[in-house]
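Thank you all for coming; I would like to take a few minutes to walk you through a model that we have on the screen. Please look at the picture while I talk, and stop me whenever something is unclear.

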Protein chains: 2
Amino acid sequence: MFSKACEYGIKASIFIAINSRDGRRVSPKEIAKEIDSPQAFTAKILQDLVRANIINSVKGAYGGFEIDKKDISNIKLSQIVNAIDGDKIYNGCGLGLHTCDEEHPCPVHDKFKIVRSELKNMLENTNLEQLALDIQSGASFLKM
Amino acid sequence: MFSKACEYGIKASIFIAINSRDGRRVSPKEIAKEIDSPQAFTAKILQDLVRANIINSVKGAYGGFEIDKKDISNIKLSQIVNAIDGDKIYNGCGLGLHTCDEEHPCPVHDKFKIVRSELKNMLENTNLEQLALDIQSGASFLKM
DNA sequence: TATAAATAGGATAATTTTATCCGAAATAAA
DNA sequence: TTTATTTCGGATAAAATTATCCTATTTATA
């Protein structure tokens with residue numbers, strides 16, 4: 001469904017959100033440990049998220065990654081997915097046709113629409129704050 | 001969503017179904033041309049589908065691939081996807097956790113369930129005959 | 001039986017995705 | 001200003017996926 005890079009990006013963002021709520025910056029090392037991902041690869045993904053203005057980085061000593069507290073509830077999963085995997089999950093054809101729309105649909109076009117709209121709905125109605133709260137309350141987990 | 005191999009497998013199966021309805025066997029060459037896929041790679045995927053007992057192959061002169069007419073309406077998309085991509089689309093965690101279930105859910109577990117069940121529903125309630133008929137009536141297309 | 005036509009399958013190559021390594025640049029604090 | 005810490009970014013490597021090529025095997029027909 002999502003690429004590995006995207007999975008790491010989502011989990012990293014949640015972990016950063018949790019810490020930013022407490023005013024703490026985190027390093028790729030801490031992040032990778034907490035979400036069980038390869039550190040250097042994760043660092044690359046964090047750079048993508050910085051460039052997409054989803055998270056902030058502070059260079060130098062005492063630096064790290066953070067998210068503005070007031071932004072946490074406004075960052076939707078869809079933004080993270082889009083920054084890393086692009087919009088193919090939204091717009092791409094389920095069977096890989098270059099052109100696939102109402103006028104020239106692939107065999108599963110109509111059936112796929114429902115799935116895709118459910119996915120879209122989920123990605124656009126889930127924000128980082130909800131996910132961070134669930135982790136903090138022990139209702140969900142970032143690894144294992 | 002699906003691998004390229006799986007996309008080719010689905011389209012190839014539909015094309016074989018269409019032809020089998022008319023009692024015609026088809027070759028990897030014809031299939032690849034019709035679904036716009038690399039021929040040799042498509043042939044490999046056809047072998048997988050043969051091994052999974054989804055399509056039949058007839059070797060030698062006048063051979064080719066076919067599906068028993070009476071089976072066409074019983075072959076579900078889910079069988080094809082499972083034969084090629086396995087069941088990770090059903091059972092895999094959306095964020096790649098090794099263990100992710102009701103007791104130890106990943107952050108998007110609950111939200112993902114709805115999407116997955118919609119997908120599962122679609123794959124299990126779509127059969128090759130429906131898809132073949134849509135192509136034959138011009139309601140959907142295998143390429144472009 | 002010989003031949004031509006077709007799938008089967010192994011070996012290999014190209015591409016994409018995932019992952020690692022290392023030095024440069026930035027920055028806070030001593 | 002020096003030092004330690006940290007992100008940034010380029011180069012490279014490893015692994016997985018996608019794709020190609022060639023030969024062996026099978027089989028219907030002449």
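**Helix 1 and its surroundings**

Let me begin with helix 1 of chain A, which has 18 residues and reaches 26 Å from its first C-alpha to its last, close to the 26 Å expected at 1.5 Å a residue; the expected span here is 1.5 Å times one less than the number of residues. Before going further I should say that this is a predicted model, in which local features need pLDDT of at least 70, side-chain atom pairs count only at pLDDT 80 or more, and totals for chains, interfaces and linings use all residues. Residues are numbered from 1 along each chain as its sequence is written, while chains are lettered from A and ligands numbered from 1 in the order in which they are written. Helices (H or I, at least four residues) and strands (E, at least two) are DSSP runs, numbered from the N terminus.

Is helix 1 of chain A enclosed by the rest of the structure, or is it open? Of its 18 residues 15 are buried, so helix 1 of chain A is largely enclosed by the rest of the structure. By buried I mean that 20 or more other C-beta atoms lie within 10 Å of the residue's own, with exposed standing for 12 or fewer and partly exposed for what lies in between, the C-beta atoms being placed from the backbone. Just after this helix, A:Gly23 takes a positive phi of about 70°.

Turning to chain A as a whole, we find seven helices and two strands, and along the sequence they follow the pattern α-α-α-β-β-α-α-α-α. The C-alpha trace of chain A spans about 55 × 30 × 30 Å along its principal axes, and buried residues make up 42% of its 144 residues. Among contacts in chain A between residues at least 6 apart in sequence, 67% join residues at least 24 apart, where two residues are in contact if their C-beta atoms, placed from the backbone, lie within 7 Å.

Now to the pair of chains. Chain B can be laid on chain A with an RMSD of 0.1 Å by a turn of 180° and a shift of 0.0 Å along the axis, and the two copies are thus related as by a two-fold rotation axis. That superposition is by least squares on the C-alpha atoms of residues with pLDDT of at least 70 in both copies. Of the residues of chain B, B:Met1 comes closest to the rotation axis, with its C-alpha at 2.4 Å.

How many residues does the contact take from each chain? It takes 34 residues from chain B and 34 residues from chain A. On the side of chain B that touches chain A, the elements giving two or more residues are helix 1 (4–21), helix 6 (109–124) and helix 7 (128–136) of chain B, and helix 6 gives the most, with seven residues. The residues of that side divide into 19 nonpolar, eight polar and seven charged, counting Ala, Val, Leu, Ile, Met, Phe, Trp, Tyr, Cys and Pro as nonpolar, Asp, Glu, Lys and Arg as charged, and the others, Gly among them, as polar.

The largest nonpolar core has 82 residues, and those with the most contacts inside it are A:Ile14 and B:Ile14; such a core is a set of buried Ala, Val, Leu, Ile, Met, Phe, Trp, Tyr and Cys residues joined through C-beta atoms within 7 Å. Leaving aside neighbours within four places in sequence, A:Ile14 is in contact with A:Leu128, A:Leu131, A:Ala132, A:Ile135, A:Leu142 and B:Pro107.

Next, the DNA. DNA strand C is surrounded by 23 residues, the closest being A:Lys4, A:Pro38, A:Ala40, A:Gly60 and B:Ser57, where a residue is near a strand if its C-beta atom, placed from the backbone, lies within 6 Å of it. The elements that give two or more residues to this surface are helix 1 (4–21) and helix 3 (39–51) of chain A, together with helix 3 (39–51) and strand 2 (64–66) of chain B. The surface near DNA strand C divides into 11 nonpolar, eight polar and four charged residues. Around DNA strand D there are 23 residues, of which the closest are A:Ser57, B:Lys4, B:Pro38, B:Ala40 and B:Gly60.

Finally, one detail of the backbone: B:Asp36, in the loop between helix 2 (28–35) and helix 3 of chain B, has a phi near 60°, a positive value in a residue other than glycine.
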